[in-house]
Every structure is written in C-alpha cells, then in structure tokens.
Amino acid sequence: MRVIICDDDEYIRQKLHDNIRLAFKSMRKSGYQGLLECDEYDNGKDLLEDEGEKDLVFLDIEMPGADGISVGRELRAAVQVRRICLLC
C-alpha cells in the first residue's frame, strides 16, 4: 500500500504519517500482510510529477502553488490513478 501525504505544514505531515503507521500496525495484528510505503510532499506540483502508483492520498486544500482540490482533479484525470482514494 502506497500512501501519499501532501501538505505544506511539516507538523501536519508528521502527525498524519505517525497515525498512518499506527493504523497499519493495528491492521497487521489483524492479519493484513501488505507493506506500507508512506511518501510526503510539501506541494501539489511535486505530487503530480510523481508517476508512481498511489493507493491513498491525503491532500491539503490550501497549499502554495496548487490547492488540494485542483491536484485531486488532475490525479483523477490521469489514467494510471483512476481507482485512487483522495481525502482532502
């Protein structure tokens, strides 16, 4: 599972990262066998340039350069990420 956190606030990125790791640890105790890869971006433009697979994306609505809603629309429009779950 590849989780992407895109927020311009480093504190928020770290808290989300910590909570995701904690949730993933609980999933493993329940029998989930997948691996977790968690990437962090401080702006939407870098995220759009990342061509890797994405399973779950957390987007900040207000970021410098590109807001989370427009980044989400662009991600959904890309063929390789049509089944992505976006949370703004």
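Here is a quick tour of this protein, from its overall layout down to a few single residues. Keep in mind that the model is a predicted one. The protein has three helices and four strands, and they follow the order β-α-β-α-β-α-β when you start at the N terminus.

**The big picture**

- Of the protein's 88 residues, 38% count as buried.
- If you take the contacts with a separation of 6 or more, 61% of them are between residues 24 or more positions apart.
- The accessible surface adds up to about 5,800 Å², and carbon and sulfur atoms account for 49% of that.

**The nonpolar cores**

- A bit of background helps here: in soluble globular proteins, nonpolar side chains tend to be buried together.
- In this protein, the largest nonpolar core is made of 10 residues, namely Ile-4, Cys-6, Tyr-41, Leu-47, Val-57, Leu-59, Met-63, Ala-66, Val-71 and Leu-75.
- Three elements, β1 (2-6), β3 and α3, each give at least two residues to this core.
- There's also a second, separate core of eight residues, with Ile-5, Ile-20, Leu-36 and Phe-58 among them.

**Helix α3 and its two sides**

- Gly-68, Val-71, Gly-72 and Leu-75 are the ones to look for in α3 if you want buried residues.
- These residues sit on the same side of α3, because they cover an arc of only 100° around the axis.
- Now turn to the face pointing away from that buried side: there you'll find Arg-73 and Ala-77, which are exposed.
- Val-71 and Leu-75 are worth a second look, since both are buried in α3 and both are on the list for the largest nonpolar core.

**His-17, a buried residue in α1**

- His-17 lies in helix α1, which covers residues 10-29.
- Its relative accessibility is 15%, so His-17 counts as buried, given that the cut-off for buried is under 20%.
- Leaving aside residues up to four places away in sequence, His-17 touches Ile-5, Cys-38 and Glu-40.
- One of those partners, Ile-5, also belongs to the second core.

**Glu-62, an exposed residue in a loop**

- You'll find Glu-62 in the loop that runs between β3 (56-59) and α3 (68-77).
- With a relative accessibility of 66%, Glu-62 counts as exposed, because exposed means over 50%.
- Glu-62 and Asp-8 are 54 residues apart along the sequence, yet their C-alpha atoms are 8.4 Å apart in space.

Conventions
Residues are numbered from 1 along each chain as its sequence is written. This is a predicted model: local features need pLDDT of at least 70, side-chain atom pairs count only at pLDDT 80 or more; totals for chains, interfaces and linings use all residues. Side-chain values use heavy atoms; hydrogens and water are left out. Buried means under 20% relative accessible area, exposed over 50%, partly exposed in between (1.4 Å probe, protein chains only). The arc is that of the directions from the helix axis to the C-beta atoms. Contact means heavy atoms within 4.5 Å. Accessible areas come from the Shrake-Rupley method with a 1.4 Å probe; for residues, only the protein chains shown count as cover. A nonpolar core is a set of buried Ala, Val, Leu, Ile, Met, Phe, Trp, Tyr and Cys residues joined through side-chain atoms within 4.5 Å.
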